[in-house]
Amino acid sequence: MTSPKPKLNPKRLGHLVLVVRDIQKSVKFYTEVPGLTVSDWIDDQMVFLRAGSDHHDLALSQIPKHSPDIDDLPRYSRPGMEHFSYLVDSVEEMEKAVEVLRAHDVEIVRGIGRHGPGANYFLVFKDPDGNNVEVYCEMTQIDAEHPYEAKVWERNIESFDRFRFERFVVPPPPGMVKEKSGGKP
């Protein structure tokens with residue numbers, strides 16, 4: 001009899017990243033209607049919003065203005081988000097997650113890394129439908145005891161991964177190094 005394969009041990013559903021057509025219009029909607037608060041921006045291309053004390057529970061990413069799909073609307077017949085995430089306890093738990101994913105032959109897309117905005121560690125992998133799923137830990141907490149002032153980060157490798165891909169367990173996706181370094185190798 002074979003022993004069961006190991007499993008991830010998430011604590012809760014974390015955050016969601018949506019790709020949007022007009023980031024300013026979307027920020028206006030999410031701050032004025034649900035009442036979320038802006039935590040940080042990456043240039044004018046990505047914004048991190050929060051409802052509680054996590055640095056972000058929703059992030060919005062601008063579709064490139066010349067994208068041929070910019071006017072497509074989300075529909076049930078295809079995925080419409082960049083990723084959703086689950087909180088794990090620690091970096092050690094995330095390192096164990098690498099082995100769990102490999103034991104299940106799950107494709108790892110990026111990570112282990114550490115974002116600039118939010119300072120959270122991340123590991124992204126694919127589900128059976130090709131959706132990006134992330135496990136993360138150690139996100140910045142913002143509350144009365146931990147005040148925080150929103151800022152605009154430059155869109156570069158350090159805002160994406162403070163480790164500059166050095167802790168990635170797989171090579172970065174094609175073009176990511178060039179894109180995150182402003183076109184420089």
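The following exchange concerns the sheet and two helices of a predicted model.

Me: What is the strand order of the open sheet?
Reply: The open sheet has 9 strands in the order E6-E7-E8-E5-E1-E4-E3-E2-E9, and its pairing is mixed.

Me: And which are the edge strands?
Reply: Strand E6 (108-114) and strand E9 (151-153) are the edges, each pairing on one side only.

Me: How are neighbouring strands turned against each other on average?
Reply: The average angle between neighbouring strands of this sheet is 20°, with direction ignored.

Me: Take E7 and E8. Do they pair in the parallel or antiparallel sense, and over how many bridges?
Reply: Strand E7 (residues 121-126) and strand E8 (residues 132-137) are antiparallel, with 6 bridges between them. Within this pair, Tyr 121 stands opposite Cys 137 of E8.

Me: Which helix packs on the sheet there, touching E7 and E8?
Reply: Helix H2 (residues 91-103) does, and E6 is also touched by H2. The direction of H2 makes about 15° with that of E7.

Me: Which residues of H2 are buried?
Reply: They are Val 91, Glu 93, Met 94, Ala 97, Val 98, Val 100 and Leu 101. Their cover includes strands E6, E7 and E8.

Me: What span should H2 have, and what does the model give?
Reply: At 1.5 Å a residue, its 13 residues should span 18 Å. The C-alpha atoms at the ends of H2 lie 19 Å apart, which agrees.

Me: What phi does Asp 105 take, just after H2?
Reply: Asp 105 takes a positive phi of about 55°.

Me: Switching to H1: which residues are buried there?
Reply: In helix H1 (residues 23-32), Ile 23, Ser 26 and Val 27 are buried.

Me: Why do they line one face of the helix?
Reply: Viewed down the axis of H1, the buried residues fall within an arc of 100°, so they line one face. In general, an α-helix has 3.6 residues a turn, so residues three or four places apart point the same way.

Me: What does the face turned away carry?
Reply: On the face of H1 turned away from the buried side are the exposed residues Lys 25 and Glu 32.

Me: Which strands do the buried residues of H1 pack against?
Reply: They pack against strands E1 (12-20), E2 (37-42), E3 (46-50) and E4 (58-62). H1 lies across these strands and runs at about 160° to E4.

Me: Last one: what does the side chain of Asp 22 reach at the start of H1?
Reply: A side-chain oxygen of Asp 22 comes to within 3.2 Å of the backbone nitrogen of Gln 24.

How values were computed: Residues are numbered from 1 along each chain as its sequence is written. This is a predicted model: local features need pLDDT of at least 70, side-chain atom pairs count only at pLDDT 80 or more; totals for chains, interfaces and linings use all residues. Side-chain values use heavy atoms; hydrogens and water are left out. Buried means under 20% relative accessible area, exposed over 50%, partly exposed in between (1.4 Å probe, protein chains only). Helices (H or I, at least four residues) and strands (E, at least two) are DSSP runs, numbered from the N terminus. The arc is that of the directions from the helix axis to the C-beta atoms. Contact means heavy atoms within 4.5 Å. A polar contact is a pair of N or O atoms within 3.5 Å; within protein, one must be able to donate a hydrogen and the other to accept it, and residues adjacent in sequence count only if both atoms are side-chain atoms. Two strands pair if DSSP finds at least two bridges between them. Axes are lines fitted to C-alpha atoms, for helices over the stretch in contact, and angles run from 0 to 180 degrees between N-to-C directions. The expected span of a helix is 1.5 Å times one less than its number of residues.
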